[in-house]
Number of protein chains: 2
Amino acid sequence: MGRGKIEIKRIENNTNRQVTFCKRRNGLLKKAYELSVLCEAEIALIVFSTRGRVYEYSNNNIKATIDRYKKATAETSNACTTQELNAQHEMILAETENLQKREILLEQENAFLRSKIAENERLQELSMMPAAGGQEYSAIQQYLARNMLQLNMMEGQGVSSYDPLPPPHHDKKSLELQ
Amino acid sequence: MGRGKIEIKRIENNTNRQVTFCKRRNGLLKKAYELSVLCEAEIALIVFSTRGRVYEYSNNNIKATIDRYKKATAETSNACTTQELNAQHEMILAETENLQKREILLEQENAFLRSKIAENERLQELSMMPAAGGQEYSAIQQYLARNMLQLNMMEGQGVSSYDPLPPPHHDKKSLELQ
DNA sequence: GAGGCTATCTATAACCT
DNA sequence: TAGGTTATAGATAGCCT
């Protein structure tokens with residue numbers, strides 16, 4: 001609607017873009033007004049220019065309309081809203097998953113260590129038995145040797161080393177929203 | 001812009017109003033889209049019909065745009081935005097802290113278990129020494145006895161039991177936002 | 001840059017199916 | 001009631017000041 005048809009894509013010429021923004025913004029606000037009057041619609045329209053100036057239209061209290069909108073969308077299942085907030089929430093969920101995985105690994109490691117200790121305790125009891133000696137004692141040594149071997153194998157798999165997991169992202173800043 | 005000029009005032013005829021609402025609403029959304037593309041403007045447009053249905057347009061995240069608007073108008077730093085999202089985000093932060101605490105406890109427990117095992121390994125080496133016997137052997141038994149005592153004490157403090165920590169809230173649902 | 005002009009393009013009111 | 005058509009009102013691109 002003008003002297004020539006234009007493609008709907010960013011206007012590269014700075015001045016033209018500025019002028020068109022001014023004209024079309026006014027047109028949009030007018031249309032919003034007309035719709036609200038003709039059809040008794042409740043409208044909230046917010047426009048930011050590239051330079052960050054705000055323009056708005058509302059036939060009602062704009063914040064009240066925004067609140068009404070939030071209520072209305074909150075009702076329609078929360079999957080949608082989750083999507084809208086995704087960037088930050090993806091990060092949080094990733095962080096949480098990271099922590100959860102780490103917890104599971106630690107627990108596994110823990111359980112393994114505990115089983116080692118339990119086994120050792122049994123050996124200790126055996127070794128403290130007065131009867132321990134001769135063939136019995138050699139059986140204990142076999143047990144202990146196997147014990148150590150298993151432990152070393154586990155360490156080789158990185159389950160029981162002193163730095164078994166990648167460092168978690170505990171950086172609180174990474175969890176600050178917006 | 002039609003077969004006749006119309007006055008901008010509520011359309012009384014119900015059907016006409018409905019039809020005009022549908023047409024003009026689409027027109028408005030299109031104009032909003034075009035403005036956002038042509039001029040790189042950030043736009044949030046919310047329209048409620050008389051019957052309460054919501055229509056919206058945003059070239060960006062609409063809630064982010066609303067938040068930006070609120071910041072721009074209220075100028076009340078970001079405490080405001082955080083407040084708005086608080087209930088859920090508090091929960092997430094609490095969950096994260098919970099996981100982090102749990103992780104630290106698990107790591108502590110782990111370190112303790114590892115020290116136990118290291119000590120046991122030392123004992124095993126001692127016990128496998130051919131010289132082991134007589135007074136030497138009794139020293140090992142003392143070591144082992146002390147070992148078990150310490151372990152039992154730790155267990156008494158709940159650090160080394162088989163359920164040392166409260167169950168974490170792994171429920172994914174509890175992390176869904178809004 | 002802001003405002004005005006006008007040829008031209010778009011949106012849409014009234015009508016039709 | 002929804003969707004398509006068309007004459008016409010309205011919006012605006014390119015210019016000019």
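**Exercise 1. How many nonpolar, polar and charged residues does the surface near DNA strand C have?**

Work from the protein side, then turn to the strand.

Step 1. The model is predicted. In it, 18 residues surround DNA strand C.

Step 2. Sort them by class. The surface near DNA strand C has nine charged residues, six polar ones and three nonpolar ones.

Step 3. Pick out the closest. These are Met1(A) and Arg3(A) from chain A, with Met1(B), Lys23(B) and Lys30(B) from chain B.

Step 4. Turn to the strand. Of the atoms of DNA strand C that come within 4 Å of the protein, 65% belong to sugar and phosphate.

**Exercise 2. Find polar contacts to DNA strand C, and state which part of the strand each one involves.**

Take one residue per step. The cut-off for a polar contact is 3.5 Å between N or O atoms.

Step 1. Start with Met1(B). A polar backbone atom of this residue is 2.7 Å from a sugar or linking oxygen of DNA strand C.

Step 2. Go to Lys31(A). Here a polar side-chain atom lies 3.4 Å from a sugar or linking oxygen of the strand.

Step 3. Finish with Thr20(B). An N or O atom in its side chain is 3.4 Å from a phosphate oxygen of DNA strand C.

Step 4. Place the contacts among the elements. Two elements give two or more residues each to the surface near DNA strand C: helix 1 (14-39) of chain A and helix 1 (14-39) of chain B.

Step 5. Rank the contributions. Helix 1 of chain B gives the most, with six residues.

**Exercise 3. Describe the fold of chain A.**

Step 1. Count the elements. Chain A has five helices and two strands.

Step 2. Read them along the sequence. The pattern is α-β-β-α-α-α-α.

Step 3. Check burial. Chain A has 178 residues, and 38% of them count as buried.

Step 4. Look at the outside. Chain A exposes about 10600 Å², and carbon and sulfur atoms supply 53% of that area.

Step 5. Look at contact range. Take contacts between residues at least 6 apart in sequence: 44% of them join residues at least 24 apart.

**Exercise 4. Where in chain A is confidence highest, and where is it lowest?**

Step 1. Begin with the average. Chain A has a mean pLDDT of 74, and 63% of its residues score at least 70.

Step 2. Compare the elements. Strand 1 (residues 42-48) of chain A is highest at 97, while helix 5 (residues 134-156) of chain A is lowest, at a mean of 47.

Step 3. Mark the weak stretch. Over residues 147-178 of chain A, pLDDT stays under 50. The model has 58 contacts beyond four places in sequence for these residues.

Terms used:
Residues numbered from 1 in each chain as written. Chains lettered and ligands numbered in written order. Predicted model: local features only at pLDDT ≥ 70, side-chain atom pairs only at ≥ 80, totals over all residues. Heavy atoms only, no water. Near = heavy atom within 4 Å. Polar contact = N/O pair within 3.5 Å; in protein donor to acceptor, adjacent residues only side chain to side chain. Helix = DSSP H or I, 4+ residues; strand = E, 2+ residues; numbered from the N terminus. Nonpolar A, V, L, I, M, F, W, Y, C, P; charged D, E, K, R; others polar. Buried < 20%, exposed > 50% of the residue type's maximum accessible area, 1.4 Å probe, protein only. Contact = heavy atoms within 4.5 Å. Areas by Shrake-Rupley, 256 points an atom, 1.4 Å probe, with all protein chains shown as cover. pLDDT = per-residue confidence, 0-100.
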